[in-house]
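Here are a few exercises to work through with the model open beside you. Try each task before you read its solution.

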Amino acid sequence: MSENRVLELADVDSGYGDVQVLTDLSLHVNENEIVCLIGPNGAGKSTVLKTAFGLLSPWTGSVTYHGDQIGGMAPEDIVREGIGYVPQTDNVFGSLTIDENLRMGGVARESGLDRVIGDLYDQFALLDERRKSKARTLSGGQRQVLAFARALVMEPDVLLIDEPSAGLAPNTADEVFEHVQAVNDLDTAILMVEQNAKKGLGISDRGYVLDQGTVRFEDAADGLLDNEEVSKLYLGA
Ligand SMILES: Nc1ncnc2c1ncn2[C@@H]1O[C@H](COP(=O)(O)OP(=O)(O)OP(=O)(O)O)[C@@H](O)[C@H]1O
């Protein structure tokens, strides 16, 4: 294996209760990559992130982080290992200030909290300016940025992001995608679920098309964008 795999799901079956959603699903994220998961509603994209983050245990198959098994570990332990997760909704505490939200993101840190939060304020000026404001006063796009920053307080090697552009106006979504790229530029690999497949792939290195709980296509992002079958079936072309 030439590349350095941060996260890998291999031959995973997973689901809710006795309802199977993922079937024999395999995908991976290499160091410093942005990988985009696309596919129709209900394909199982969010379920992949939940299985990688320990919110669901794989029924069969393996989930590995830097080659170590993490399948079945609890989310609080997975966070300590170095995986961050930004869910699609309810990803910040509206009644807490921006600063309090960031500190909550670091409760599992043993040291260095002030240093890392200082670095995040340097990176995200809009958060720095509003430190003492309640998170509920932020716009949808700003809230999304706070959710990224909160997950970054643990300095993860890989960040799982569920539909960062959901519910945002196109211009705001573009700004959020720029922040995703900025996070990646600082050496955090990203596995992102995105409904806006063209834009999501547009900022990604590689992508996977999920349908009915399994991978139908995988390729470089440009390759998926240029693939006629993928375009016709999944990109609305
Ligand atoms: N908590 C749950 N309990 C039972 N079934 C669930 C649960 N969450 C999701 N599902 C089902 O799992 C399947 C896959 O859902 P998932 O949210 O992973 O799809 P998705 O590809 O992310 O779709 P969307 O774009 O609509 O979010 C769907 O049929 C959904 O109804």
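Helices and strands here are DSSP runs, numbered from the N terminus, with at least four residues for a helix and at least two for a strand. Keep in mind that this is a predicted model.

**Exercise 1. Find where D187 lies, and decide whether D187 is buried or exposed.**

Solution. Start with the neighbouring elements: helix α7 covers 170-185 and strand β8 covers 189-193, and D187 sits in the loop between them. Next, count neighbours: 9 other C-beta atoms lie within 10 Å of D187. A residue counts as exposed at 12 or fewer, so D187 is exposed. Finally, look at the backbone: the phi of D187 is positive, near 70 degrees, and D187 is not a glycine. Most residues other than glycine have a negative phi.

**Exercise 2. Which element holds D24, and what is its phi?**

Solution. D24 belongs to strand β2, residues 19-30. Its phi is positive, at about 50 degrees, although D24 is not a glycine. For its surroundings, count again: D24 has 13 other C-beta atoms within 10 Å, so it is partly exposed.

**Exercise 3. Trace the order of the six strands in the open sheet and name its edges.**

Solution. Walk across the sheet in the order β6-β7-β8-β3-β9-β10; the pairing is mixed. The edges are β6 (83-86) and β10 (214-220), each of which pairs on one side only. From one strand to the next, the twist averages 15 degrees. Now zoom in on one pair: β9 (residues 206-211) and β10 are antiparallel and joined over six bridges. In this pair, Y208 stands opposite E218 of β10.

**Exercise 4. Which strands do helices α6 and α7 lie across?**

Solution. Take α6 (residues 140-152) to begin with: this helix lies across β6 and β7 (158-162), and runs at about 160 degrees to β6. Then move to α7, which lies across β3 (34-38), β7 and β8, at about 155 degrees to β8.

**Exercise 5. Which residues have the most contacts inside the largest nonpolar core?**

Solution. The largest nonpolar core contains 69 residues, and I83, L160 and I190 have the most contacts inside it. Helix α6 supplies the largest share of this core, with seven residues. To see one of these contact sets, select I83: leaving aside residues up to four places away in sequence, I83 touches L7, A52, F53, Y65, I78, P156, V158 and L160.

Methods
Residues numbered from 1 in each chain as written. Predicted model: local features only at pLDDT ≥ 70, side-chain atom pairs only at ≥ 80, totals over all residues. Buried ≥ 20, exposed ≤ 12 C-beta atoms within 10 Å, placed from the backbone. Pairing = 2+ DSSP bridges. Axes fitted to C-alpha atoms, helices over the stretch in contact; angles between N-to-C directions. Contact = placed C-beta atoms within 7 Å. Core = buried A, V, L, I, M, F, W, Y, C linked by C-beta atoms within 7 Å.
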